[in-house]
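Here are some notes for a colleague, set out as numbered points to be read beside the model.

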Amino acid sequence: MPIIRVLRFKLRYVALTAALICLGYGSWESISEELDRRSVEALSTVLAGKIIVVDPGHGGIDGGSEGSAGIQEKEITLEVSKRLAAMLGQAGAIVLLTRECDMWLADPDAPHKKRSDLINRVDIANRNNADAFISIHVNSFIYSRGQRGAQTFSQPGSGEGKILSQFIQNDLASVLGNTKRKPKETDYFIRHSKVPAVIVEIGFISNPAEEKLLLDSAYQSKTAFAVYCGLVRYFADKSSRIAPRQ
Ligand SMILES: [Zn+2]
């Protein structure tokens, strides 16, 4: 075979192999995503009857952090929380939103309004003996606009809260595919919670690229789905931990 023909043959072979590898890789990605989605669907029966309090952070006169587009944290947290509540409700959970509109929960005559607002949110979970309390927030760090990525927080020493936090962080990482952050323990208002509680900071509004994502309706749904998946896996794991051994 003349050298040029051999080279052409080899090039054609290399191109074909590369195309097949790309095709195969792409298919495998979507197959594994599909299998992952189905495993969450199959497990989602564990949510039936669970009482889950979803807390859209901030509201009313407390706008929370603000992005360059002028959108406030309270608007984004409400959008994501409503989406999460709908997903949980469809799976049979009893969902309580701490707010469904632009308001905050501070007692009008409380001396410390912000404190009262935060405690009243947790109290909804405590009073209803909820199975989980999820508070949705948006992060901001204007001194370093490169900071990005969703992250979960639990109260130090909260056994179940820490486990739930880990499950949600895992699914934020796998569903969103853009955070390498690890779940963290921090002493904050969820210290008042008597039920497993997690604060989910869904991303940094101070990061221009992430701000764009946080304002995107499809990304808001994706974020809600990630938190939903974490809750499903947490309750599936919990039921296997407390199930009597055969
Ligand atoms: Zn916040």
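The points below take up the nonpolar core and then the strands.

1. This is a predicted model, and the remarks that follow should be read with that in mind. Its largest nonpolar core comprises 51 residues, within which I52, L88 and F133 have the most contacts.

2. Among the elements that supply two or more residues to this core are the strands β1 (51–56), β3 (132–139) and β6 (197–204), together with the helices α2 (73–90), α3 (113–127), α4 (159–176), α5 (208–214) and α6 (217–242). Of these, α6 contributes the most, giving nine residues to the core.

3. With residues up to four places away in sequence left out of the count, F133 touches V53 and D55, and also V122, A125, I190, S193, V195 and A197.

4. Strand β1 is mostly covered, since five of its six residues are buried. On pairing, β1 is joined by four bridges to strand β2 (residues 94–97), and the two run parallel; in this pairing V53 of β1 stands opposite L96 in β2. The chain passes from β1 through α2 to β2, and this β-α-β crossover is right-handed.

5. Strand β1 also pairs with β3, again in the parallel sense, over five bridges, with D55 standing opposite S135 in β3. It may help to view this pairing alongside the contacts of F133, which include both V53 and D55, and alongside the partners of these two residues across the strands, namely L96 for V53 and S135 for D55.

Note on methods:
Residues are numbered from 1 along each chain as its sequence is written. This is a predicted model: local features need pLDDT of at least 70, side-chain atom pairs count only at pLDDT 80 or more; totals for chains, interfaces and linings use all residues. A nonpolar core is a set of buried Ala, Val, Leu, Ile, Met, Phe, Trp, Tyr and Cys residues joined through C-beta atoms within 7 Å. A residue is buried if 20 or more other C-beta atoms lie within 10 Å of its own, exposed if 12 or fewer, and partly exposed in between; C-beta atoms are placed from the backbone. Two residues are in contact if their C-beta atoms, placed from the backbone, lie within 7 Å. Two strands pair if DSSP finds at least two bridges between them. A crossover is right-handed if, with the strands pointing away from the viewer, the path from the first strand over the helix to the second runs clockwise.
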